[in-house]
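Trainee: Can we go through some side-chain contacts, with the reasoning behind each label?

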Amino acid sequence: MLATLLWQVDAEPKENTSMQQQIEQRKQLNNARYKQLRTLDDKALAKFLWMEEESNYYEVMESLSLDMKPYEIEYSTSVLVRLSDYNDYQAMSDAFVSSLLAVKRTNFMECRRYSDGHGFALRKGFSFPFANELKLDALLLDNGEKLRIPDFTKGEMETRDIVRRGEVYCVPALENKSAPQPTAIKGEFSTDLPEKLIQFELTADDVGKAQDKDGYRVTLVEMNDYSYVIEVHVKTNPQTTLSKLDIIGEAKAKNGRYIRNRITDRVPMKNYERVESLLGELIDKAANGNLNKSEAKKALNDLNESMAEDESSTLYSAFAFHGPVETAEVTILAGGESRKEVKQILELPVYSFAQKAPAKQIDFDDLPTVKTTLPIYNGGSEVNASYVDLSAEAMHDELEIRQRNITHDPGIKHPKQVFLHYPTVQSDLFIHIFDRYDIAYSSDVQFFDADGEPVTEIDDKNSAFRFTVSRLEYDPELFSVPPTRVKANISVLTAPNIIKENYAKNDLPTGVNIEGNKLIVDYAEFTPREIEDVESRLVQRRNHVFAKDSQGYLAEISTLSLPRQDGKPVDVYYFYGHPESFEIWYKGETESVDFELDVEL
């Protein structure tokens, strides 16, 4: 019997009736309030009440969607995965600040409308797991001029000189190539480092129960298929404070892997309902001419203070995920008054990694020099995968079979689909998903009815099934009897013989050099065992090149490929940290593994 994780998912989530009714009722209420507010003579009051109504409305909609079935299961890594790379929280914070780099480009899609693509973005070595504030103040130009950057901490999206769009800053002044160019960004990073982390693991058996640890009590209020709700109570002295942002909620699937977070809600539904009720009263008063804007503000502020007081000792958090939750993992960032406040003034050089035009000679002295940072380690899922690739035996344990029924699109010819979800393996660096699976003949697929008898197609012109990329699609209506089981012989391309060649910094092959955090590979002198065709749309790199220090693989800052007009190119890699060795991976000999799909539909 196939030992795979079988997970049914509909492409169109099916909420239960009560949830649909709640959503529809809230929509109707929102529309009614909009119509009512449009009739008010006091437009400032109407605008204020509408903004409050809209805010509460969308928060209610998000809260209602907490346990909606996700479109597809998505795995992730722990939010706190970086902690294992450093000796303490301060070292991790130092590494994060050190990793901050400003990079300018001329082709930001977000900036086409504002600056013809010109702007800069902040590059971070990793996502900092603790609550923090990263404030950018000014962009410094080479003529000494300062351009003020929008203060995102105050919701500001643009200044006279710079427009922020997402994580990109658009700078219209840079459209003129002869204009002064950016040299640095000034700003400030701040965070409070916890004294320690306190972790709780909870399952459905713990619903309604409290767990106490180190002065904190966590109660699992409810656990649904795709979400859970907790309350955290501080049992230590009253001076110990705990913010809602000090509670990290994660989830694991049955296979022990972390599931990507979908929604985090820090407010109980009852609070939204209290705001909704008060807004109804205020709108009615406004309609009768018995309310002004200051009175409305005070009433809402009083309610918020009352709700905050109710939660002064117990904090509520709800978390929803992209897949079924088996185990809830809750982490408390503890410390209270003993937290360590970190503030650091930033002055970040601005770099450019613009692609160079083909040249007769490569000027190595003209390559960008990037400041050397503290080490950040490669978090790539392929690099850190448990397997180089899967054997036939491992496939039966690790290959997930997922099913989907697309009910909302009548244009789909094969609405039922069976997916083969390959776990992340190191060979993913070399084998694209388009090349992983192959079914040579339609005779390799057979559908069966409930009695185990083969079922046949009833329409010669419209095939009842097809295999594409990584899934088998079929239409049960095009079979003589709706099938209840399918078997298929699938050839799976694997690369279990990856070759990893490592060279110490003082013993590099000809054509490879390490200068600080810069690794240069000159293909005019260095001849690799294998080389990929970068002209192929599926290939991004000639070779998979890495740098290591004594602890592991270093993360990349950026890469440059320098073409020669009449010769072989040069690839340049920049890394976070101090490379001590150069490593290159080759695909090696591939193997095709026969995999038999056998699954109930």
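Mentor: Sure, let's start with a charged pair: D85 and R82 have side chains that meet in a salt bridge, at 3.5 Å from N to O. Keep in mind that this is a predicted model, where local features need pLDDT of at least 70, side-chain atom pairs count only at pLDDT 80 or more, and totals for chains, interfaces and linings use all residues. Residues are numbered from 1 along each chain as its sequence is written, and side-chain values use heavy atoms, with hydrogens and water left out.

Trainee: What makes D85 and R82 a salt bridge?

Mentor: The term asks for a side-chain nitrogen of Lys or Arg within 4 Å of a carboxyl oxygen of Asp or Glu. D85 and R82 come in at 3.5 Å, so the label fits. Both residues are buried as well, meaning under 20% relative accessible area (exposed is over 50%, partly exposed in between; 1.4 Å probe, protein chains only). The structure holds 32 salt bridges.

Trainee: Why are D598 and R485 said to tie parts of the chain together?

Mentor: Their side chains form a salt bridge at 2.8 Å, N to O. D598 belongs to strand β34 (residues 591–600) and R485 to strand β26 (residues 485–494), so the pair links parts 113 residues apart in sequence. Strands here are DSSP runs of E, at least two residues, numbered from the N terminus.

Trainee: How do you know whether D598 is buried or partly exposed?

Mentor: D598 has 22% relative accessibility, so it counts as partly exposed. R485, at 27%, counts as partly exposed too.

Trainee: What about D522 and R564, buried or exposed?

Mentor: Both are buried. D522 and R564 form a salt bridge with the closest N and O atoms 3.0 Å apart.

Trainee: Switching to rings, why is the pair F128 and F130 called edge-to-face?

Mentor: Rings of Phe, Tyr and Trp (its six-membered ring) pair if their centres lie within 6.5 Å; planes under 30 degrees apart count as stacked, over 60 as edge-to-face and the rest as tilted. F128 and F130 are 5.7 Å apart centre to centre with 80 degrees between the planes, so they pair and are edge-to-face. F128 is buried at 9% relative accessibility, and F130 is buried at 2%.

Trainee: What makes K500 count as sitting over the ring of W585?

Mentor: The rule wants NZ of Lys or CZ of Arg within 6 Å of the ring centre and within 35 degrees of the ring normal. K500 lies over the face of W585, 4.3 Å from the ring centre. Likewise, the charged end of K548 sits over the ring of Y553, 4.5 Å from its centre.

Definitions and conventions. Helix = DSSP H or I, 4+ residues; strand = E, 2+ residues; numbered from the N terminus.
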